[in-house]
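New to this one? Take a look at the model first, and then we'll walk through it topic by topic.

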Amino acid sequence: MEKLLSLVVPAFNEEEAMEQSFERTYRAMSSIGYPFEIIYIDDGSRDRTWEIISRLAREHEEVKALRFSRNFGHQLAVTAGMDEAKGDAVIIMDADLQDPPEVIADMVKAWEQGADIAYGKRMHRKGETAAKKFTAWCYYRLLNFMSAYPIPLDTGDFRLLDKAVADEFKVLREHNRFLRGMSAWLGYNAVPVEYVREERCAGKTKYTLKKMLRLAADGIFGFSSKPLTLIGWTGMAVVCIALLGLMATIVCSAVTGVPGWLWAVCGLVLLDGVILCAMGVQGAYTQRIYDEVKGRPLYIIKEKQN
């Protein structure tokens with residue numbers, strides 16, 4: 001029986017990009033030679049994205065369309081698409097064409113040669129500011145340092161997963177999802193596919209600073225306990241600094257005549273800041289426990305086509 005490829009494409013307010021994205025993606029998938037399905041997930045868009053997706057589903061039997069009841073977020077939109085996918089391999093790609101669909105053919109070749117996961121590795125990022133590139137460079141290395149499992153540097157969610165890997169993903173139902181971290185946690189044979197990341201084909205990025213920080217937090221707090229450990233080490237460091245400060249206060253009071261309580265106030269402010277930071281880290285872990293205990297569904301599908 002011939003193998004089936006499933007392409008999962010989340011979309012949020014992408015009306016300007018959808019037509020061009022579909023045409024180029026459809027050509028790329030058709031050229032590979034396997035039968036395929038394209039699963040679009042409208043993540044609560046407020047523009048004409050669903051109108052375009054639903055029309056594509058009516059015109060092309062390969063297209064499936066899902067519509068969320070509201071915006072649940074990129075990672076959950078990808079999860080919904082993977083839940084619907086029937087393919088022997090599942091490919092994840094965004095609708096903005098920053099990840100070129102032509103690279104999927106290289107991922108399929110790696111899969112045919114035995115790779116369980118073929119992930120896109122960005123060799124260059126076009127159309128991004130120096131500040132964005134620098135913060136991304138820092139984040140990926142911080143994440144790799146914090147994570148208990150090695151996460152490949154300079155990678156996103158653009159990847160191919162073998163059906164066995166995709167089925168394991170379906171078992172993992174945590175709410176605060178970080179798919180590239182979950183992929184590393186599963187531990188399957190992963191192969192990089194290098195490519196140049198393009199500029200957006202149309203429109204503006206929907207990943208705001210708030211969303212990027214949320215995703216960064218999910219990556220760190222979801223796959224590492226190091227922040228909790230660092231709190232203990234920070235506490236020990238503060239104790240040592242406090243002891244040195246106490247001695248410095250005594251000496252300075254004797255030599256300069258500056259009242260010792262001024263130095264003590266500065267120390268207390270520093271200590272309060274450390275305590276508040278520690279409480280924030282603990283709160284981040286507690287909030288994730290709270291999300292899981294509620295037991296709510298990951299997403300709600302309002303409408304389906306095909």
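Is Arg173 buried, partly exposed or exposed? Arg173 counts as partly exposed, because its relative accessibility is 33%. Keep in mind that you're looking at a predicted model. The protein has 306 residues, and 45% of them count as buried.

**The big picture**

- You'll find 10 helices and 8 strands in the protein.
- Take the contacts between residues at least 6 apart in sequence: 83% of them join residues at least 24 apart.
- About 15,800 Å² of the protein is exposed, with carbon and sulfur atoms supplying 62% of that area.

**Salt bridges**

- There are 13 salt bridges in the structure.
- One of them pairs Arg24 with Glu102, and their closest N and O atoms are 3.0 Å apart. This pair links distant parts of the chain, since 78 residues separate the two: Arg24 sits in helix 1 (residues 15-32), while Glu102 is in the loop between strand 4 (89-92) and helix 4 (104-112).
- Both ends of that bridge get some exposure: Arg24 counts as partly exposed at 22% relative accessibility, and Glu102 counts as partly exposed at 40%.
- Back to Arg173: its side chain meets that of Asp83 in a salt bridge, at 3.1 Å from N to O. Arg173 belongs to the loop between helix 6 (163-171) and helix 7 (179-186) and Asp83 to helix 3 (residues 74-84), so this pair ties together parts that are 90 residues apart in sequence.
- Asp83 is partly exposed too, because its relative accessible area is 23%.
- Some salt bridges share partners, and in this way Glu19, Arg55 and Glu59 are joined into one network.
- Within that trio, the side chains of Glu59 and Arg55 meet at 3.4 Å, N to O. Both residues are in helix 2 (residues 49-59), and because they are 4 residues apart there, about one helical turn separates them.
- Glu59 has a relative accessible area of 49%, so it is partly exposed; at 25% relative accessibility, Arg55 counts as partly exposed as well.

**How strand 5 pairs up**

- Strand 5 (residues 117-125) runs antiparallel to strand 6 (residues 155-162), and 4 bridges join the two.
- Strand 5 also pairs with strand 7 (residues 190-197), this time in the parallel sense and over 8 bridges.
- Ile117 is a handy residue to look up here: its bridge partner in strand 6 is Leu161, and its bridge partner in strand 7 is Ala190.

**The end of the chain**

- Where does Asn306 sit? It is in the segment after strand 8 (301-305).
- Asn306 counts as exposed because its relative accessibility is 55%.
- Leaving aside residues up to four places away in sequence, Asn306 touches Ala57, His60, Glu61, Val63 and Lys64.
- The C-alpha atoms of Asn306 and Glu62 are separated by 8.5 Å, although the two residues are 244 apart along the chain.
- Which backbone oxygen lies 2.6 Å from a polar atom of the Asn306 side chain? That of Val63 does. The side chain of Asn306 also reaches the backbone oxygen of His60, at 3.5 Å.

**A nonpolar patch on the surface**

- Leu268, Leu271, Ile275, Leu276 and Met279 make a nonpolar surface patch of about 480 Å².
- Leu271, one of these residues, is found in helix 10 (residues 260-294). At 34% relative accessibility, Leu271 counts as partly exposed.

**Two residues with positive phi**

- Asn13 is not a glycine, yet its phi is positive, near 55°. You'll find Asn13 in the loop between strand 1 (5-11) and helix 1, and it counts as buried because its relative accessibility is 16%.
- Leu97 isn't a glycine either, and its phi is positive at about 65°. Leu97 lies in the loop between strand 4 and helix 4.
- Is Leu97 buried or exposed? With a relative accessibility of 1%, Leu97 counts as buried.

Notes. Residues are numbered from 1 along each chain as its sequence is written. This is a predicted model: local features need pLDDT of at least 70, side-chain atom pairs count only at pLDDT 80 or more; totals for chains, interfaces and linings use all residues. Side-chain values use heavy atoms; hydrogens and water are left out. Buried means under 20% relative accessible area, exposed over 50%, partly exposed in between (1.4 Å probe, protein chains only). Contact means heavy atoms within 4.5 Å. A polar contact is a pair of N or O atoms within 3.5 Å; within protein, one must be able to donate a hydrogen and the other to accept it, and residues adjacent in sequence count only if both atoms are side-chain atoms. Accessible areas come from the Shrake-Rupley method with a 1.4 Å probe; for residues, only the protein chains shown count as cover. Two strands pair if DSSP finds at least two bridges between them. Patches are made of residues with over 30% relative accessible area and no salt bridge: like charges are joined within 9 Å, nonpolar side chains (Val, Leu, Ile, Met, Phe, Trp, Tyr) within 5 Å. A salt bridge is a side-chain nitrogen of Lys or Arg within 4 Å of a carboxyl oxygen of Asp or Glu.
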